[in-house]
Every structure is written in structure tokens, then in C-alpha cells.
Amino acid sequence: MESNPPAVERAELRVGSIVMLLGGVGVFVANIFHPHPPHQTQALLRLLVAAPHWSQLHFLIMLSVAFLVCGLAMLTRNLADPMARALGTLGRYLVVLGGAVYMVEIMIDGSATKYFADRWSEAADPAQKASLFNSADVAAHIWFSFFPVFAGVFIGLAFIVIGAAVVRSGNFPRWVGLWGVIGGTLCFITGLGAGLRFPVPLPVWIAGVTLAATWGLPLGLVMWRASSRST
């Protein structure tokens, strides 16, 4: 595959670095303020009722994910080595597919489940309260069902492949690619465990999602530096 013209490459890396940094900062901040949700419905609803800015936080996550996906797609178009570009293309498809599914999860989590939780807490009639609880329980289980795609594909496989492409490319530091590979591997293990129903220790997920949530920051910086270098 031929390289992009130098001016196009620099412009794309510059724009990609900006959206990558915006997405990286947003995801990093959201990861700090987003609590680990309990898998027991009543405890989850009480958590959501006590979080008045839950929907706004998830809107920030949605925007951040959109920026991050765009930044990663632009990164993979500007890798130097042919094999790195091939891996980058595979990673680009994975991150777009996984990101699209995760967008649905975000809105169920941030809007639908929150709506039922608030109505459930306000309901005085026992029959209405039970009906709202059942609706919230369905929404929560649909939300949880998307987790293997989020962990296994979006920040799992996609980050592993893109990280490996960055390591192979040679025009970006190898350590920043390894960051994605390690974080993606831990997330993929967690997503695989959720999908196949075998237990994975919680620290594996915490370490993986922390690395994934912070990866956009160093990637954005190295993309900016690469766009500033003469070709």
C-alpha cells in the first residue's frame, strides 16, 4: 500500500491527535467517576438513583468514545510498515464495530436504566413499583449482555491488534503500542470470561480497563509529535 502524501499525512495525524486527546481525556475522566456497577438489580437501581449526573456522565463517555474511535482510525491509516498497515486495517474494523455496539450499551446504561431507576424510586403504588422494577431489571440485563462485546472486542481485540500494528510500524514508539497490547489482552480475557461464563479475577479487569482508558493520552501526544516532524 502506498503512503499518504506528506502534507495529507501530517494533516491527518494532527487532526487525529486532537480527537485522540479529546477522547482520551474524556474516557480517563469518566473512568474515574464511573463506579463499578453491582450485578444485583436493586443495588444497581439505588446506585443510579443516588447519582444525579449519571446521564450526563454517559453522554460524555459517548462523545469520548466517538472521538477515540476516529483517532484510532486515523492513526491506523498512517502506519509505515505494510504489515503494520494491514494489522491497522483489521484493528480499524474491529474498533468501529465494537465502538458502535458500545454506543448502544452506553445509552441503555446512561438513559434507559437511569429512567426506570428514577421512576421506580418515585413510585408509591406497589403494583406500579413492581412493574417499573421488572422493566429496570430487563434494561439492566440487556446492558450487562453487551459487556463481552465492550471488553472482548472494543477494548480487547481491537486494542491488541492496533497496539501490535503500532509496535510493528516503526514510526511510533514501541512502548505506546505495547501499552495497548497489554491493556487489550487483559480486557479480552475479561470479556472472554464473561462470554463463556468462567470467572476472571476483578484485578485483571481493573488493570486492563485502566490501561485502555488511559491509552488515548500517550497516543494523542505521539501522533502530535509525528505530525510536527518533517517528512
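**Exercise 1. Determine which residues of helix α2 are buried, where they sit around the axis, and what they pack against.**

Solution. Begin with the helix itself: in this predicted model, α2 runs over residues 41–49, and its buried residues are Thr41, Leu44, Leu45 and Leu48. Next consider their directions, which cover an arc of only 100° around the axis, so that they lie on the same side of α2. The spacing fits a general rule: an α-helix has 3.6 residues a turn, so residues three or four places apart point the same way. Then look across from this side, where the buried residues of α2 pack against α3 (54–76), α4 (82–122) and α5 (126–145). Finally, turn to the N-terminal end of α2, which is capped by glutamine 40, with a side-chain oxygen of that residue 3.2 Å from the backbone nitrogen of glutamine 42.

**Exercise 2. Decide whether lysine 114 is buried or exposed, and find its contacts.**

Solution. First place the residue: lysine 114 belongs to helix α4. Its relative accessibility is 7%, and because buried means under 20%, lysine 114 counts as buried. Then list what surrounds it: with neighbours within four places in sequence set aside, lysine 114 is in contact with Leu48, Val49, Ala51, Pro52, Trp54, Ser55 and Asp109. One of these, Leu48, is also among the buried residues of α2.

**Exercise 3. Describe the largest nonpolar core and say which helix supplies the largest share of it.**

Solution. Start with the count, which is 39 residues, and with the members that have the most contacts inside the core, namely Leu72, Leu75, Ile155, Phe159 and Phe172. Next assign the helices: α1, α3, α4, α6 (147–169), α7, α8 (202–214) and α9 (216–228) each contribute at least two residues, and the largest share, 10 residues, comes from α6. As a closer view, take leucine 75, which, leaving aside neighbours within four places in sequence, touches Met20, Ile162, Val166, Phe172, Leu219 and Met223. Apart from this core lies another, of 14 residues, which includes Leu44, Leu45, Leu48 and Trp54.

**Exercise 4. Compare the accessibility of cysteine 70 and cysteine 187, and state how many disulfides the structure holds.**

Solution. Cysteine 70 has a relative accessible area of 40% and is therefore partly exposed, whereas cysteine 187, at 0% relative accessibility, counts as buried. A search of the whole structure then gives 0 disulfides.

**Exercise 5. Find where the confidence of the prediction is lowest and where it is highest.**

Solution. The protein averages a pLDDT of 90, and 97% of the residues score at least 70. Confidence is lowest in helix α1 (residues 6–33), with a mean of 88, and highest in helix α7 (residues 174–196), at 96.

Conventions: Residues numbered from 1 in each chain as written. Predicted model: local features only at pLDDT ≥ 70, side-chain atom pairs only at ≥ 80, totals over all residues. Heavy atoms only, no water. Buried < 20%, exposed > 50% of the residue type's maximum accessible area, 1.4 Å probe, protein only. Helix = DSSP H or I, 4+ residues; strand = E, 2+ residues; numbered from the N terminus. Arc of directions from axis to C-beta. Contact = heavy atoms within 4.5 Å. Polar contact = N/O pair within 3.5 Å; in protein donor to acceptor, adjacent residues only side chain to side chain. pLDDT = per-residue confidence, 0-100. Disulfide = S-S within 2.5 Å. Core = buried A, V, L, I, M, F, W, Y, C linked by side-chain atoms within 4.5 Å.
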